[in-house]
Structure formats: structure tokens, C-alpha cells
Amino acid sequence: MKVAITKSSALVVVDIQNDFCAEDGALPVPGCRTIIENVNRYIEIFERTNQAVVASRDWHPPNHISFKARGGPWPPHCVQGSVGADFYPELKLPDRAIVISKGTNPDAEAYSAFDKTELHYLFSKLGVRRVFVCGVATEYCVKATVEDALELGYEVILLGDAIAGISKESSQRAIMEMIRSGAILAEFKDLLT
């Protein structure tokens, strides 16, 4: 099936940050570095066609509720202003990329790029109706972003060759759940460019 980048399309690059991608990151996602080349190819296409490119990032305060010290499941990661929170250096974000910071409230989880951010408002202003999603981690922030986008009425294209998850099994399960919810799974070869 062929998928087009329409005038009402946007690319959402989810959490390609040092703590998830660097070898010494606080919470490395296996395979994160292997998808960077494809993510950059998608960014290049959206740049060339002058469509919105969004980069979401975890931007946690040091005492975030998701951290183990507060009973959460994760070690401290993507703490505001830290090197770990920086975008991975090999990610080629354009200067005009829209950066969306999430998880900024110390007392609230926020996996989705739409969760208590201005993203839906910005997309409404830009006339975006079709959202292409890539990034990490498939089972967490990618899945939450896709599900929120579907719930908000967007057509969602999940870029299967530009996502990475914690484990193969949980990633596959998450992909199937996203497809069942209405996401369309596509790869570079499926794009009409």
C-alpha cells in the first residue's frame, strides 16, 4: 500500500535523546542508534516538502514521579538541562523543527507527545490531519503518542523502519495494538515521494 505525504501531514520524531540512544545513556533502548539513518531520511523528505517536523523530548524535573526514588519504574533520565536530555547528536533536526517537551510536571507521567503539551493546538493551527510517527520506545512513548493522535482524530502512519523498542516481543505486541487501534504501518518503500 502506498502512502502519500499530503499538504496536511506532519512528522513526529519521538524522544531521540542521549539517555535513550547513547551507549552510556541512563535508559538505553536497544536498536535506537540503528534507526537514526531512517529517521533522518524521513526528516529530509518532510523538509523537502515543507511539512512540519516535530521532535518530542522527555524533559523531566530531577524529582519526577517516574523515577525509582519516587516509586516509579525508571532510573533518572532526560533530566531538564542535562546531557542525557539533549537530542542524540546524529539526529539531523532542521532549524525550524518544533520541539515539544513532555513530562515536565514532577507529579505526572507523560509518555505521549500530546499529553499536556501544545502539540494538538499547533497541529490545529497548521491544518495537520495526517501524522507520521517514528522514534523510541515503541511500547511506551511511541505507542502513547500514536494512540493519543488516533483519539484526537488524526490519521496516523506508524513508520515501522524508524522505531525501536525495549524488547522484540513487547514491540511486536505494541505494533499490533496500534494497528488494531487504527494506525497504518508503513516503511520508506511505501511512501510516495
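Which residues are exposed on the other side of H5? Let me begin there, and let me say straight away that what we are looking at is a predicted model. The residues to find are Lys168, Glu169, Arg173 and Arg180, which are exposed on that other side of H5.

Now let us look at the helix itself. Helix H5 runs over residues 168–181, which makes 14 residues, and from its first C-alpha to its last it reaches 20 Å, close to the 20 Å expected at 1.5 Å a residue. Within H5, the residues Ser170, Ser171, Ala174, Ile175 and Met178 are buried. If you look down the axis of H5, these buried residues fall within an arc of 140°, and so they line one face of the helix. It may help to recall a general point here: an α-helix has 3.6 residues a turn, so residues three or four places apart point the same way. As for what covers the buried residues of H5, the list includes H4, E6 and strand E7, which is 184–186. After H5 comes Gly182, and its phi is positive, near 125°.

Let me move on to the charged pairs. How many salt bridges does the structure hold? There are 10 salt bridges in the structure, and I will take three of them in turn.

In one of them, Glu155 forms a salt bridge with Arg130, and the closest N and O atoms are 2.8 Å apart. Glu155 lies in strand E6, residues 155–164, while Arg130 lies in strand E5, residues 130–136, so this pair ties together parts that are 25 residues apart in sequence. Is Arg130 buried or exposed? Arg130 counts as buried because its relative accessibility is 16%, and the cut-off that matters for this step is that buried means under 20%. Its partner Glu155, at 33% relative accessibility, counts as partly exposed.

Another salt bridge joins Arg33 and Glu23, with the closest N and O atoms 3.8 Å apart. This pair, too, links distant parts of the chain, since Arg33 is in helix H2 and Glu23 is in the loop between helix H1 (18–21) and H2, 10 residues apart. Arg33 is partly exposed, with a relative accessible area of 39%, whereas Glu23 counts as exposed at 69% relative accessibility.

The third one I have chosen is between Asp115 and Lys116, where the closest N and O atoms are 3.2 Å apart. Here Asp115 is partly exposed, with a relative accessible area of 21%, and Lys116 counts as exposed at 69% relative accessibility.

While we are in helix H2, residues 32–48, please also find Glu44, which lies in that helix. Glu44 counts as exposed because its relative accessibility is 52%, and the cut-off for exposed is over 50%. Glu44 and Lys92 are 48 residues apart in sequence, yet their C-alpha atoms are 8.5 Å apart in space.

Next come the aromatic rings. A search of the whole structure finds 7 aromatic pairs. One of these is formed by Phe123 and Tyr154, an edge-to-face pair with 5.7 Å centre to centre and 75° between the planes. This pair links distant parts of the chain, with Phe123 in helix H3 (residues 119–126) and Tyr154 in the loop between helix H4 (138–151) and E6, 31 residues apart. Both Phe123 and Tyr154 are buried. Elsewhere, Trp74, Tyr111 and Tyr140 form one aromatic cluster.

Rings also appear together with charges. The charged end of Arg41 sits over the ring of Phe188, at 3.5 Å from its centre, and Arg57 lies over the face of Trp59, at 3.7 Å from the ring centre.

My last stop is His60. Where does His60 lie? You will find His60 in the loop between strand E3 (52–58) and strand E4 (98–102). His60 has a relative accessible area of 2%, and is therefore buried. If we leave aside its neighbours within four places in sequence, the residues in contact with His60 are Ser66, Phe67, His77, Cys78, Val79, Gln80, Lys102 and Gly103.

Technical notes. Residues numbered from 1 in each chain as written. Predicted model: local features only at pLDDT ≥ 70, side-chain atom pairs only at ≥ 80, totals over all residues. Heavy atoms only, no water. Helix = DSSP H or I, 4+ residues; strand = E, 2+ residues; numbered from the N terminus. Buried < 20%, exposed > 50% of the residue type's maximum accessible area, 1.4 Å probe, protein only. Salt bridge = Lys/Arg side-chain N within 4 Å of Asp/Glu carboxyl O. Phe/Tyr/Trp six-rings, centres within 6.5 Å; stacked < 30°, edge-to-face > 60°. Lys NZ or Arg CZ within 6 Å of the ring centre and 35° of its normal. Expected span 1.5 Å × (residues − 1). Arc of directions from axis to C-beta. Contact = heavy atoms within 4.5 Å.
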